[in-house]
Amino acid sequence: MAAFDRLSAASASSAASAAPAESGLSRRAWLQLSVAAGGGLLIGFGAPPQAEAAEPAAAAPKPLPQPSAFVQIRPDNTVEIRVNRLDFGQGALTALPMLLAEEMDLDWSQVRASLAPAGAAYKDPNFGIQMTGGSTAIAHSWPHYRQIGATARAVLVQAAAAQWGVPVSACRTEAGQVIAGTRRASYASLAEAAAKQPLPAQVTLKQAADFRIIGQPKGRLDAALTARGEKVYGMDLRLPDMKTALLQHAPTFGGKVASLDATAARAIPGVLAVFETPTDRGGSGVAIVATGYWAAKQARDALKVSWKDGPAAGLSTAGLFARFEEEARAPKLTARAHDVSAARGAARSIQASFRFPYLAHTPMEPLNATFDLSELAQGKATVWAGSQFQTIDQGAIAQTLGLKPENVTLNTMPAGGGFGRRAVPSSDYLREAAALAKAWLAQPGAKPGPVKVMWSREDDVQGGYYRPMHLHRVDIALDAQGRPLAWDHVIVGQSLVTGTPFEPVLVKNGIDHTMTEGVVENLYGLPMRLRVTHPELPIPVLWWRSVGHTHTAYVMETLADELAHAAGQDPVAWRLARWRAAPEPARLARHVAALELAVKQSGYGQRKLPAGQAWGVAVHESFGSVVAYVVEASLVEGRPKLHRVTAGVHANTIVNPLAARAQIEGGMVYGLAMTLPGVAITLKDGRVEQTQFSDYPPPRLSDVPPIDAHFVPSDAPPTGLGEPGTPPIAPAVANALAVLSGKRLRELPFASLA
């Protein structure tokens with residue numbers, strides 16, 4: 001189960017403690033804003049009605065406070081739908097409107113979409129904060145956006161029926177029109193009257209057989225803008241008289257400025273100010289504000305700064321792994337108890353120690369945020385940023401500026417990737433930017449106006465946060481037939497959430513669930529004892545796409561493959577046989593369906609591969625979805641080469657097949673990066689050694705094979721797709737390489753097998 005899935009509405013309220021209690025626009029204010037900005041009319045709602053019990057109780061939505069914020073009908077009968085998530089490439093800006101448009105009976109050509117700002121109306125009703133993460137955008141919006149659409153349709157029908165003096169039952173809807181006999185009226189012509197209609201007591205959501213939009217492949221609504229280079233990401237934002245700011249961070253985490261000579265920097269044309277400013281983790285840095293990026297960059301390079309080391313000074317990757325090995329000998333916490341004494345009589349055994357490095361997120365668009373503090377004296381601020389934690393970040397910015405959260409307007413900008421880096425419980429980079437923007441106003445000669453704070457690629461790679469490094473040690477005892485008698489598993493790694501507002505939800509008995517997910521709930525029926533140690537280290541860590549599954553899937557699926565070979569069985573047959581003993585029939589069925597689909601579509605076991613190639617298989621469940629990969633791989637000069645990847649995916653209902661396929665493809669490529677030489681963040685004397693894509697290389701086109709993604713048909717409510725494509729690819733590749741080389745790879749990224 002995914003980490004985010006553990007959040008409940010009640011418990012997540014503690015996680016949202018930094019967020020405003022009710023910071024969204026009032027209904028009246030939103031109406032005024034919408035009419036002014038769009039020239040259209042807003043369909044008005046109060047609390048949404050409850051849908052009939054067509055959905056499982058577990059998926060029943062909690063009422064949103066202001067669903068009117070989601071729908072705007074324009075005079076030209078187009079409908080703008082507000083998306084309460086960040087779109088950073090995953091397609092939420094299209095998929096969520098598909099849900100609402102379906103129930104509203106819109107023609108897809110009528111639909112427009114925009115990103116919602118931070119506000120109470122846009123909070124995830126399951127989590128109680130506005131956020132994008134945990135592969136929840138579609139899953140959590142499935143009932144809510146459909147309810148909003150069905151409610152909008154209902155009041156439009158009521159308005160038409162009242163105008164025509166006919167019963168509601170005589171009306172139907174089609175392509176943005178209400179129809180009764182020979183009468184037709186567009187939604188736009190009915191919008192004002194609809195806003196005055198009472199809400200229906202309940203609405204009925206469509207059955208899957210009646211879907212016209214959901215399940216159909218829809219191109220992204222923002223595709224044309226993106227293709228033409230006209231889409232405005234946060235980094236592209238240009239405002240009148242906007243200034244640009246850079247930050248020189250300390251070379252060690254939490255380090256501080258010891259001395260500063262900015263004489264040369266201040267002499268560079270375009271530089272407006274150079275000053276010391278607080279940074280993340282109690283440190284300090286040097287801010288440069290200039291008329292543009294190039295002047296700021298030149299000035300930063302000209303700084304003469306000496307630093308006081310932060311608490312990470314002296315740490316090295318080799319030293320940390322040595323410490324982890326020592327910690328693994330005496331694990332402190334038990335996540336899953338089991339008597340492993342049967343190991344004493346084992347005929348055979350497998351001892352395996354796995355190492356996983358720190359990893360950076362490296363979104364293609366580096367971090368940035370633009371602040372306009374022109375109204376700070378009046379207690380207000382406006383911010384533009386591609387945030388995954390809008391309401392948390394809004395609260396953090398407000399706290400830094402000394403404002404009320406509801407007086408901070410945080411506009412959500414499209415972002416060029418994130419993978420978790422824009423979902424930081426501490427709001428690190430936005431707090432830094434807020435402090436910088438406020439300090440800029442106090443500089444001599446400063447004029448109120450927007451200032452964009454930018455992070456370079458080097459700033460992001462060297463400035464954290466990172467996927468934690470982990471060490472797994474597994475001792476497996478086998479009988480003479482290769483069957484596991486005892487599985488003793490130890491994991492050592494930093495906690496992601498201890499010390500954050502998520503700790504009360506995700507840490508139990510001292511164990512961070514994000515470290516053990518993917519192991520404790522495996523379906524293999526193993527005689528497993530699982531123990532954990534969380535070393536406390538001054539290295540900033542954060543969830544990385546698919547969170548703990550990034551390392552647990554690798555360990556479980558490579559060892560499953562090894563056990564299959566130890567038993568003399570085909571790896572697919574071994575998995576199916578183990579699962580059949582699982583006590584969870586629903587999960588079992590989904591695993592079997594995903595694997596069998598991948599096997600069938602790949603031709604595994606049905607056709608012979610060319611000489612020098614081998615099959616590799618891995619299956620993993622994360623964020624409610626099951627992904628099975630069958631890869632065809634070879635070795636070229638010691639480096640893996642993938643010839644084809646076939647995916648079998650069980651994610652229940654697929655809302656937009658095009659986007660779903662892209663999510664699997666993107667997740668696969670992101671997971672493949674973990675295996676590539678050089679993809680590791682290493683420390684020397686407390687400093688990150690990598691700087692750029694040149695020494696932290698992402699997969700290139702030559703690394704990526706044809707990917708065939710196939711989805712198991714289902715009418716059940718959707719489960720996650722943003723992250724489940726990532727975890728199983730690395731073990732699938734490793735399993736193929738083991739066939740080719742005879743070597744089991746225990747350390748990522750892979751070393752040369754030449």
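This note covers the salt bridges in a predicted model.

1. Overall count. The whole structure holds 34 salt bridges, according to a search of it. The points below take up three pairs and one network.

2. Lysine 243 and aspartate 241. These two residues form a salt bridge in which the closest N and O atoms are 3.0 Å apart. Lysine 243 has 12% relative accessibility and therefore counts as buried, the cut-off being under 20%. Aspartate 241, at 52%, counts as exposed, because the limit for that class is over 50%.

3. Arginine 744 and aspartate 561. A salt bridge joins this pair, with 2.9 Å between the closest N and O atoms. The pair links distant parts of the chain, 183 residues apart: aspartate 561 sits in helix 15 (residues 549-566), and arginine 744 in the segment after helix 19 (729-741). Aspartate 561 is buried, with a relative accessible area of 2%, whereas arginine 744 is partly exposed at 23%.

4. Glutamate 621 and arginine 587. Here the closest N and O atoms of the salt bridge are 2.7 Å apart. Glutamate 621 belongs to strand 26 (residues 613-622) and arginine 587 to helix 17 (residues 585-602), so the salt bridge ties together parts that are 34 residues apart in sequence. Glutamate 621 has a relative accessible area of 16% and is buried; arginine 587, at 16% relative accessibility, also counts as buried.

5. Network. Glu102, Asp105, Arg153, Lys206 and Arg212 are joined into one network by salt bridges that share partners.

Key: Residues are numbered from 1 along each chain as its sequence is written. This is a predicted model: local features need pLDDT of at least 70, side-chain atom pairs count only at pLDDT 80 or more; totals for chains, interfaces and linings use all residues. Side-chain values use heavy atoms; hydrogens and water are left out. A salt bridge is a side-chain nitrogen of Lys or Arg within 4 Å of a carboxyl oxygen of Asp or Glu. Buried means under 20% relative accessible area, exposed over 50%, partly exposed in between (1.4 Å probe, protein chains only). Helices (H or I, at least four residues) and strands (E, at least two) are DSSP runs, numbered from the N terminus.
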